[in-house]
Structures are given as C-alpha cells and as structure tokens.
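Hello,

Here is the model I promised to pass on. Please open it alongside this message.

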Amino acid sequence: MKITVSIIKADVGGYPGHCSVHPKLKEKAGTELEEAKKNGILVDYCIATCGDDLELIMTHTKGVDSEEIHKLAWDTFKKCTEIAKELKLYSAGQDLLSDAFSGNIRGLGPGIAEMEFEERKGEPIVCFLMDKTDPAAFNLPIFKMFGDPFNTAGLSIDPSMHSGFRFEVYDIYNDKKVMLNTPEELYDLLALIGTKSKYVIKRVYPRKGNKVPENEPAAVVCTEKLFRIAGEYVGKDDPVAIVRAQSGLPALGEVLEPFSFPYLVAGWMRGSHNGPIMPVSMEDATPSRFDGPPRVVALGFQLANGKLVGPVDLLKDKSFDEARRLCGKVADYMRRHGPFEPHRLSAEEMEYTTLPKVLEKLKGRFEKI
Ligand code: F6R
Ligand code: MG
Ligand code: MG
C-alpha cells in the first residue's frame, strides 16, 4: 500500500513568549484533523508540539504536495490562530505570512516534510521535531545515520546497506541541488554540508542493492527558509524531518544515536546564536533558558496500513541523560561569550536579523583612518 507521511508545522502563537504551545491550540488542531479523518481525507494523524511549534503529523494516500492536505493544514493553522488571538498568545499567526492559500502551502510560512512510499511489512518511522534552530541542524545527524559507519554499524555489517546511500543536497542561496553518492563521494558531501549556512540535506535515498527501492526516500528534511520568504527575520524556521528505519535502512537505535552528542546549531535566542541541541521528551521541549537551548524531539511510530501506531517519545529515554548534562555544560560555556562570535552568529548569517538596522544608525559616523 502506497502511503504518504506529511508533517506540516507552524508557530501560530507562543505561550508565554516563544516557549510552548497552549493546550487549546492542540485541542483545536485535534478537532480539525479528527474531522478530516472521519471524512476520509486523512488515514491518521498525531498532534505534536516542540517549543512554540504546532506540528501536524498526518498520513494519507494523496501523495506529496497534495492541495487538499496542504489546505487542511493551512485552514487548521488559521483556526488555531483565531484562538491564539483571543488568548493574546505571543506573536499569534507568526508563521502564516500570506492572507490567502493558493494551492500549495510552500512559501506561505509553515514548514513541510513529506514522503510517499510503499509501506513495508514492518515500517518504523521517526518524526523529528526541532525548535530554536534551522534546517541545517539536520546535516550532522542525517549524515551520521546514513553515511558514518562509526554511528551506523549496518553500513559495514549489513550487506543490504553496503551499496550506501544517495544524498540530495540543496544550495539554499542559489536554489540549486546536487545528488551525491556515499561512500565514494563522502568527502565531497562533507565539504558541502559542513557549510551549514549554505548547504542542507533535503532527502536521502537507498541505492541499488538495498532492500528498499532506490526511488523511495529514506529521510526527508523540511527546508523552508522563513527568513528568506519574509525578507527579514520573523521567527526561526524550526525544522522537522521524517526518517524510516530498519531492514536495509539504519536501525532505530542508529537513527537516534547522533543525538547522544549535543552538537552546536544556529538559532538560539533571536535566531542569532549558536548553541548545543538538547535531546528531550515532548514534555521537556519548553526552551526557557535564553529562549533555548535548541531542542530536538523524536516521536517513533509503526505504520499499519497508514495508521500511526504510537507515538513513543524516543529521546525521553534515560540513555540521553548524559547528552542533556553535557548540553547544560556547553550551554554555560557558550553563554559566557555573551554578544561575541562564535556564540553570536557570523555577520553573514546576521544579515536577515534586526542587526543591520542597528548598524544603519552608525553609518554616517565612520571616518577614514
Ligand atoms: C523565537 C525566538 C526568540 C525570539 C526572541 C525575541 O523563535 O527564537 O528567541 O527571537 O524572544 O522575540 P521578539 O522580537 O518577538 O520579542
Ligand atoms: Mg514563536
Ligand atoms: Mg519555534
């Protein structure tokens, strides 16, 4: 059975500030998607949150970029915004940048990760939700899952994985993409995706020889760039991703292993600071220290003819306690840099924040030395 998994997400109002989603918004989103399920538009759904982001996890049979599914998500966010306005939640409707829906939600503000595939006999999927960071925050963990044998034992000891994977990488400034094969183009791949402000992994595919067909994505990352859409900083494009696991793909534990290291990502406080990403449960995704540090939540499901059996809140596991502790230490260390790089982002990355307006004031005061 061909099934589509879509995560469509938006920040339609925070509570308090940019910290979390009010329960009434979750409730409203649930009512809307339940109705869509009854009407046969959705096979199943799960309402999730990460920080101030409302995440609609949906399964259906309408393929990616379906107007009906995108409209459902758009209308749901609009209705949730009405409640956010009544409650005067912070920055109500923040991510809905357009007044009108015109067939596709892309470019309108919300983030999207979608993939269509033939559901296998056993189909475990992990929905990753991040807050206070950007899509490039997935570069390192997705690379580790599909490209690094020190993370994914299967790359060296499972014959089905030996042919490696194909990475689709976006150059987000020039709207171009390139396909790179691992293991043979591993160094080229790293040369690109290490430059996180420019190159992001969009999708990963299996290669010939894998049990999973080579035209079906094994992972997809949301790459909408909110600040580019809006022209200036209006909120971080906190990303989501979907990763399929097991039987020729990384095992569940190989998919989660990268998050045992709280690597540095951009997006903390005002979208302008680097900080360590903290693996947490959905309940603990309430970034409150200096509006952070950035969070990652992982919800695991088994698919049963499109039905979402789950979720299991995977990063809640005690084995991630040490990563959380280290994250606290790294957060202390980074914070002590205050307004200095590399805690604050580089000048180039600050271009889309409010900083240029501050500097504008000083323009006429510079003299030749
Ligand atoms: C929002 C975020 C926050 C805000 C900060 C300032 O996702 O990252 O750190 O940027 O709280 O918000 P405003 O400008 O709305 O006061
Ligand atoms: Mg917000
Ligand atoms: Mg957010």
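Below are my notes on the metal sites, the ligand and one strand residue. Keep in mind that this is a predicted model.

**The two magnesium ions**

The magnesium ion (ligand 2) has three protein donors: Asp 11 (OD), His 18 (ND1) and Asp 52 (OD). They lie 1.9 to 2.2 Å from the ion. Along the sequence, these donor residues are spaced D-x6-H-x33-D. The site joins distant parts of the chain, with His 18 and Asp 52 being 34 residues apart. His 18 comes from the loop between S1 and helix H1 (23-38). Asp 52 comes from the loop between strand S2 (44-50) and strand S3 (53-60).

The magnesium ion (ligand 3) is coordinated by Asp 52 (OD), Asp 131 (OD), Asp 238 (OD) and, listed twice, Asp 53 (OD). Distances here run from 2.0 to 2.8 Å. The donor spacing reads D-D-x77-D-x106-D. Again, distant stretches are linked: Asp 131 sits in strand S5 (residues 123-131), and Asp 238 in the loop between helix H6 (226-230) and strand S10 (240-244). Those two are 107 residues apart.

Which residue coordinates both ions? Asp 52 does, and the ions are 4.9 Å apart.

How covered are these donors? Asp 131 and Asp 238 are both buried. Asp 52 has 2% relative accessibility, so it counts as buried too, the cut-off being under 20%. His 18, at 27%, is partly exposed.

**Ligand 1**

Nine residues surround ligand 1. The closest are His 18, Tyr 90, Lys 132, Arg 270 and Asp 291. By type, the shell divides into four charged, three nonpolar and two polar residues.

Three polar pairs involve oxygen atoms of the ligand:

- Asp 291: a side-chain N or O atom is 2.6 Å from a ligand oxygen.
- Arg 270: a polar backbone atom is 2.9 Å from a ligand oxygen.
- His 18: a polar side-chain atom lies 3.4 Å from a ligand oxygen.

Taken alone, ligand 1 exposes 410 Å², and the protein buries 75% of that. Note that His 18 appears both here and among the donors of the magnesium ion (ligand 2).

**Thr 4**

Thr 4 is in strand S1 (residues 2-10). Is Thr 4 buried or exposed? Its relative accessibility is 0%, so Thr 4 counts as buried. A polar atom of the Thr 4 side chain lies 3.1 Å from the backbone nitrogen of Gly 63. Leaving aside residues up to four places away in sequence, Thr 4 touches several others, among them Met 58, His 60, Val 64 and Met 115.

Best wishes

Methods. Residues numbered from 1 in each chain as written. Chains lettered and ligands numbered in written order. Predicted model: local features only at pLDDT ≥ 70, side-chain atom pairs only at ≥ 80, totals over all residues. Heavy atoms only, no water. Near = heavy atom within 4 Å. Polar contact = N/O pair within 3.5 Å; in protein donor to acceptor, adjacent residues only side chain to side chain. Areas by Shrake-Rupley, 256 points an atom, 1.4 Å probe, with all protein chains shown as cover. Nonpolar A, V, L, I, M, F, W, Y, C, P; charged D, E, K, R; others polar. Helix = DSSP H or I, 4+ residues; strand = E, 2+ residues; numbered from the N terminus. Buried < 20%, exposed > 50% of the residue type's maximum accessible area, 1.4 Å probe, protein only. Contact = heavy atoms within 4.5 Å. Donors = N, O, S within 2.8 Å, 3.2 Å for Na, K, Ca; no water.
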